[in-house]
Amino acid sequence: MFPNSSNLGRPPFSPKYQQQSTFFTKLPLNIPPALLSHQQIIVPPFQFRSAVLSRALLSGNTEATPAVAPVVTLQPMAYGNVSPVSRSDALTSFQGRKRQNQQRVPDDAKRQRIHSHDSDTAVVNQAVPLPEERRCSFPASISAQSPGLRARGSPALVGCVPPLQDTLFPDATESRLPVANDKLSQQVLELFQACRQQASDLDRKELCRTELQREIQLIFPQSRLFLVGSSLNGFGTRTSDGDLCLVVKEDPVNQKTEARRILSLVQKVFSTKLSSYIERPQLIRAKVPIVKFRDKVSNVDFDLNVNNVIGIRNTFLLRTYAFIENRVRPLVLVVKKWASFHEINDASRGTLNSYSLVLMVLHYLQTLPEPIVPCLQKNYPECFDPTMQLHLVHQAPRTIPPYISNNGSSLGDLLIGFFKYYATEFDWSHQMISVREAKAIERPDGVEWRNKFICVEEPFDRTNTARAVHEKQKFDMIRGEFSQAWRLLRDKKDLNCVLPLKGAILKR
């Protein structure tokens with residue numbers, strides 16, 4: 001997920017970069033890195049081979065584990081003379097949808113809050129359960145001898161979001177799920193509950209990330225490996241692939257030359273040194289080149305890119321949308337499953353990628369007469385600043401409260417409306433889907449958009465995420481599926497008409 005610095009709170013890049021940029025600088029030196037970057041599970045150093053048994057136990061695949069591999073016990077680890085650290089749920093309160101300008105948050109309160117591990121009374125006032133809230137990823141509570149790491153001036157407040165559990169995602173309690181009174185809404189909710197990513201699925205990906213980072217750092221000592229995409233943005237399923245971003249330096253990387261050279265080295269390591277655990281590593285020379293591979297222990301397919309930091313930023317933008325309103329995640333999941341079933345969810349075959357489908361759902365929910373979700377980049381520009389330092393990206397959305405929509409539409413009605421919007425209302429020839437602007441806007445007259453059948457704006461770098469749809473035949477097929485889904489659901493209001501429910505659940 002978000003890897004820790006090897007120098008206990010100091011920048012992960014070499015001193016020459018520290019003088020030129022603040023990309024990873026300004027980290028408080030008196031706070032352990034777990035408070036600033038949440039992705040590395042705090043364990044004593046161990047080698048890739050010796051860690052495989054632990055991963056096999058998580059995945060249930062003991063056949064992939066060598067018989068000689070010793071058992072590794074993952075123990076909490078303190079930082080020097082500082083006791084192990086846990087997280088706090090205390091956050092600053094907000095009035096309405098935005099923080100009032102005159103309400104100043106103390107510097108310490110903007111960072112991680114520390115409280116007793118035994119306390120179960122603190123409740124977070126936030127819409128987005130961010131990954132640093134994973135108590136299982138943190139050691140035991142901080143001791144009383146560490147006053148410098150204790151929050152000051154910010155009492156625990158009762159908010160409108162349920163307290164987080166020992167997992168990345170909230171429990172599927174009825175209070176956190178949308179109401180489903182009609183048959184179609186119940187089917188959407190049933191599919192969501194059966195297919196959404198579980199904490200155990202994420203744990204397997206995270207352990208693989210941790211181990212691969214250790215191996216890659218033998219080649220690029222200052223690099224960090226980030227877990228991004230659907231695994232972390234709230235829209236993942238039980239079968240979602242893992243997306244990894246290897247950040248090797250603070251400066252941009254030429255994707256056609258430098259990124260390919262770096263990925264070639266990574267592929268070589270995967271094919272030789274790690275061949276017992278990593279299978280089928282393949283370098284894909286796309287606009288953003290990647291190495292595709294499969295982790296034998298977790299049975300998860302991964303895509304690894306170099307310095308595509310936009311993926312880190314949009315992961316947490318989407319994560320905020322995912323948890324700001326409880327109807328968003330079920331709708332996105334059912335649309336992704338529907339698109340996959342009808343074979344229009346594969347960019348390598350000239351159709352839509354999952355990212356574009358998510359943005360299409362969010363755009364629809366933003367443009368209703370009574371929106372289901374707001375425009376986060378307009379309402380909270382400071383939280384989604386494209387120049388924000390990477391180590392702060394995951395923390396910024398913590399201050400955003402849930403969105404209270406006046407639209408009481410059911411999941412079923414929203415799903416039918418989604419298909420109707422793209423089948424009959426959206427102007428594919430002249431308009432571009434923009435979540436950044438929360439509206440359909442006129443297509444730009446640039447090479448990125450010229451002669452493209454579907455235009456979906458990436459919220460940060462403003463490129464076309466649907467550029468893979470470049471054949472009219474594929475576009476006509478996509479539009480036809482939207483039209484057919486709208487007519488069938490409008491008339492029969494049964495999800496099985498467009499997506500066999502039992503088959504989708506079995507394939508989860």
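Which residue in β4 is the bridge partner of E279? In this predicted model, the bridge partner of E279 is R294. The pair provides an entry to the sheet, from which the description proceeds to the helices.

The protein as a whole contains 15 helices and seven strands. Of its 508 residues, 57% are buried. Among contacts with a separation of 6 or more, 72% are between residues 24 or more positions apart.

Five strands form an open sheet, arranged in the order β1-β2-β5-β4-β3 with mixed pairing. Its edges are formed by β1 (224–228) and β3 (278–284), each of which pairs on one side only. On average, neighbouring strands of this sheet are turned by 25° against each other, direction ignored. As a general matter, the strands of a sheet pair through backbone hydrogen bonds, in either the parallel or the antiparallel sense.

The mixed character of the sheet can be followed strand by strand. At one edge, β3 is joined to β4 (residues 290–295) by five bridges, and these two strands run antiparallel. The pairing of β4 with β5 is likewise described as antiparallel, over five bridges. Within it, K292 has D303 in β5 as its bridge partner. Between β2 and β5, by contrast, the strands run parallel, and five bridges join them. Here L246 stands opposite V306 of β5. Strand β5 is mostly covered, with six of its seven residues buried.

Two asparagines deserve attention around β5. The hairpin of β4 and β5 has four residues between the strands, and N299 lies in that loop. N299 has a positive phi of about 60° although it is not a glycine. Its relative accessibility is 40%, so N299 counts as partly exposed. The second asparagine, N307, is located in the loop between β5 and α8. N307 also is not a glycine, yet has a positive phi of about 55°. Because its relative accessibility is 11%, N307 counts as buried.

Helices are placed against this sheet. Helix α7 (residues 258–271) lies across β2 (242–247), β3, β4 and β5 (300–306), and runs at about 165° to β3. Helix α8 (residues 310–324) also packs on the sheet, where it touches β1 and β2; the direction of α8 makes about 40° with that of β1. With 15 residues, α8 reaches 21 Å from its first C-alpha to its last, close to the 21 Å expected at 1.5 Å a residue. How is α8 placed with respect to the rest of the structure? Since 15 of its 15 residues are buried, α8 is largely enclosed by the rest of the structure.

A further point of interest is P402, which is found in the loop between α12 (390–393) and α13. The C-alpha atoms of P402 and F323 are separated by 7.8 Å, while the two residues are 79 residues apart along the chain. The relative accessibility of P402 is 16%, so this proline counts as buried.

The loop that holds P402 leads to α13, a helix for which two packing partners can be described. Helix α4 (residues 183–195) packs with α13 at an angle of about 90°, their axes being 7 Å apart. The angle therefore makes α4 roughly perpendicular to α13. L184, S185, V188 and L189 of α4 make the contact with L411, G412, L415 and I416 of α13.

The other partner is α14. The axes of α13 (residues 411–425) and α14 (residues 472–492) come within 8 Å and cross at roughly 140°. Why are these two helices described as oblique? Angles over 145 degrees count as roughly antiparallel, and an angle of roughly 140° does not reach that limit; α13 and α14 are therefore oblique to each other. Their crossing is left-handed. On the α13 side, the residues in contact are L415, I416, F418, F419, K420, Y422, A423 and T424. They meet R479, F482, S483, A485, W486, L489 and R490 in α14. L415 and I416 of α13 thus appear in the contact with α4 and also in the contact with α14.

Technical notes. Residues are numbered from 1 along each chain as its sequence is written. This is a predicted model: local features need pLDDT of at least 70, side-chain atom pairs count only at pLDDT 80 or more; totals for chains, interfaces and linings use all residues. Side-chain values use heavy atoms; hydrogens and water are left out. Two strands pair if DSSP finds at least two bridges between them. Axes are lines fitted to C-alpha atoms, for helices over the stretch in contact, and angles run from 0 to 180 degrees between N-to-C directions. Contact means heavy atoms within 4.5 Å. The expected span of a helix is 1.5 Å times one less than its number of residues. Buried means under 20% relative accessible area, exposed over 50%, partly exposed in between (1.4 Å probe, protein chains only). Angles under 35 degrees count as roughly parallel, over 145 as roughly antiparallel, 65 to 115 as roughly perpendicular and the rest as oblique. A crossing is left-handed if the near helix is turned anticlockwise from the far one by less than a right angle, and right-handed if clockwise.
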